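Here are a few exercises to try with the model open on your screen. Have a go at each task before you read its solution.

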Amino acid sequence: MTRIKYGIMGGASIVPRFVNGLKESRSSLAQAIATRSLEKTQKLATILDIPVVYDSYEELIQDPELDIIYIPLWNKGHFAGAKLAIEHGKHVLLEKPFTLKSSESAELFDLAKEKHVFLMEAQKAVFLPIMQEVKKRLEKGEIGEIEWVDVQQSHPGVEKIPWFDDVTAGGGAFIGSASYPLNVLQYLFGTGFDTANGILTHLPSKSDHKGQLILTKGNILMSSLIATSFQLSSRLIIYGSKGVVTIPDYWKADKAMIETVNKTEQIDRPYQSEFVFEIDHVATCLRSGRITSSIMTSEMTLATVKVIEQMYEGYFN
């Protein structure tokens, strides 16, 4: 079977890990790359064994051999990069945060529908085998009625990103990572939220380094704490009326613990690259002619962007 050929728009730190996922996948491969610096592009292409190098994003998206464009640009550049690719009839896998504004997200999905091209937010967490297994167990009622979900994560060191403190560029702890909990919560418990309220620790003229979000969906209370300024254990805990599920490092998890009155069980789903499951899903969608994912849906993405936009109200005008 012919592999899906990716063009990579950007040279962010996530690119080598994503390319490793492509190499592990039997469905796809990295065919071409472009960054803002030809020297950087050539260096990355050599290190990652990417055969084709382009001097600009415009040249990249005009390559007729490419099936899809993967876009890991700086946060503010997501909308323009995706729009450029879609307008040229390319399928797009767009890194999180999808866009900085709800209106931009809606415009991209509308344009993709008009051009009949595939568009999905890159979200590896919902495709992990362990997350799919946890979802099945929850739906079977193994821990009873869900009462509270507590998510926390920290990413110390990301402040080194040059534009991290510039909220107008999409910098900040919450906007950088909130897509993980918001999308996973929707994957497990259904699209959208009934209420969403939170607070960010904005410094004068700078973006946030930590934030707390409280959400509700039916009878379920959900909380999400995200920080970059200090270290804490990253995990997702689901509290039910009959037990608890704990998922360490949930956005890249390979195991989970289920505790009930009668037993304690550890579920293991090991992998080599956490990106390969997402990559294979995209390949399946493209081969079946889909323009949206049935798992990482456009409705989930739009709901996520709406909540993040609400948290940063007034900053992106």
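**Exercise 1.** In this predicted model, find which side chain makes a polar contact with the side chain of Asp-208, then work out how the charge of Asp-208 is placed.

*Solution.*
- Start with the side chains: Asp-208 pairs with Tyr-312, at 2.6 Å.
- Next, check the backbone. The nitrogen of Phe-174 sits 2.8 Å from a polar atom of the Asp-208 side chain.
- Now look for a salt bridge. Asp-208 has none, although it's buried. The nearest side chain of opposite charge belongs to Lys-210, 9.4 Å away, and a salt bridge needs the atoms within 4 Å.
- Finally, place the residue: Asp-208 is in strand 9 (residues 208-217). Its contacts beyond four places in sequence include Phe-164, Gly-171, Leu-200 and His-202.

**Exercise 2.** Is helix 4 (residues 78-87) mostly covered or mostly open?

*Solution.*
- Count first: 7 of the 10 residues are buried, so "mostly covered" fits, taking buried as under 20% relative accessible area.
- Name some: Phe-79, Leu-84 and Ile-86 are among the buried ones.
- Then see what does the covering: strand 1 (4-9), helix 3 (57-61) and helix 5 (102-115) are included.
- Step just past the helix, and Gly-89 takes a positive phi of about 75 degrees.

**Exercise 3.** Which residues touch the most other members of the largest nonpolar core?

*Solution.*
- Among its 76 residues, the answer is Val-149, Phe-189 and Ile-238.
- Helix 8 (residues 179-189) gives the most to this core, with 7 residues.
- Another core, of 26 residues, lies apart from it and includes Ile-61 and Val-117.

Key
Residues are numbered from 1 along each chain as its sequence is written. This is a predicted model: local features need pLDDT of at least 70, side-chain atom pairs count only at pLDDT 80 or more; totals for chains, interfaces and linings use all residues. Side-chain values use heavy atoms; hydrogens and water are left out. A nonpolar core is a set of buried Ala, Val, Leu, Ile, Met, Phe, Trp, Tyr and Cys residues joined through side-chain atoms within 4.5 Å. Buried means under 20% relative accessible area, exposed over 50%, partly exposed in between (1.4 Å probe, protein chains only). Helices (H or I, at least four residues) and strands (E, at least two) are DSSP runs, numbered from the N terminus. Lys and Arg count as positive and Asp and Glu as negative; His and the chain ends are not counted. A polar contact is a pair of N or O atoms within 3.5 Å; within protein, one must be able to donate a hydrogen and the other to accept it, and residues adjacent in sequence count only if both atoms are side-chain atoms. Contact means heavy atoms within 4.5 Å.
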